[in-house]
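Here's a short walk through one strand with its partners, and then through the cysteines. Keep the structure open while you read.

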Amino acid sequence: MWHKLRVEGRHGSRPRPWTLANMVSSLDGKAALNGRSGKLGGPLDRVMFQAIRALADVVLVGAQTVRTERYGPIQLSQDLQSARSDAGMAPNPLLAVLSRTLSLPNDRGLLDAPEGLVLMTGADAPPDRIRQAEDAGIRVEQLGESDSTVAAALDRLSETGANVVLTEGGPSVLADIIEADRLDELCLTLAPRLLGDGLNLIERSGLEGRRWQLQHCWAADDDLYLSYRRPAAQD
């Protein structure tokens, strides 16, 4: 699956990388089951989750998603690591976490793998937590003042060598990327459920209604995987 996705060109234009999002949604547009997106996806979503991660130089997520979904260090399968190494990539993508307070859990060993983590924060981040992270060997990127923190984060990641950045949310981070006109590709798995109440896939109103172009449509066990790209003329 990774090779099939990999052959398709994804090229950012400096100073911004190619930015794609991978999300899962119920049929009525809800992004979580019992508070977690990981409980919503089925077998197809789990396969695509790993394959799409393997495309990226960096996985960018919000701190709330890290806490809710209980993120640990990114560790792809040996097959995917080998495929990435053969393609001249690092075995695993870097995990970049957007956090104003730099308050992250360590119950899954996230902070014990500093080589695979970068914390991205604003100019007003607590200095003591910056020092604590740096003392632990974690790279901290302060973004300064910006109208769009997520746009500044994408620019900084591009400056440090990232060509493809994947976001896994949450919905507010996805909305910020769309609002900043930085999303190039949306990978979406539809889970065969109707949930009614819950977290929306995109937590924002008033986004423009451009049409996107379908790239892939794959089905398995009643799950449906869709990949869309924005039209090249709108870049």
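## A covered strand

Let's start with strand 2, which spans residues 58–62 in this predicted model. The strand is mostly covered, with 5 of its 5 residues counted as buried.

That goes for both faces. Side chains in a regular strand alternate between the two faces of the sheet. Here, Val58, Leu60 and Gly62 sit on one side and are buried, and Val59 and Val61, on the other side, are buried too.

## Who strand 2 pairs with

One partner is strand 3 (residues 94–98), which runs parallel to strand 2 and is joined to it by 5 bridges. If you want a spot to click on, go to Val59: the residue opposite it in strand 3 is Leu95.

Strand 6 (residues 164–167) is another partner, again in the parallel sense, with 3 bridges to strand 2. For this pairing, look at Leu60, whose bridge partner in strand 6 is Thr167.

## What about the cysteines?

How many disulfides does the model have? The count is 0. Take Cys187: its closest cysteine sulfur is in Cys217, 13 Å away, so the two are too far apart for a bond. A disulfide here would need the sulfur atoms within 2.5 Å. Seen from the other end, Cys217 is in no disulfide either, its nearest cysteine sulfur being that of Cys187.

Are these cysteines buried or exposed? Cys187 is buried, at 1% relative accessibility, while Cys217 is partly exposed, with a relative accessible area of 44%.

Conventions. Residues numbered from 1 in each chain as written. Predicted model: local features only at pLDDT ≥ 70, side-chain atom pairs only at ≥ 80, totals over all residues. Heavy atoms only, no water. Buried < 20%, exposed > 50% of the residue type's maximum accessible area, 1.4 Å probe, protein only. Helix = DSSP H or I, 4+ residues; strand = E, 2+ residues; numbered from the N terminus. Pairing = 2+ DSSP bridges.
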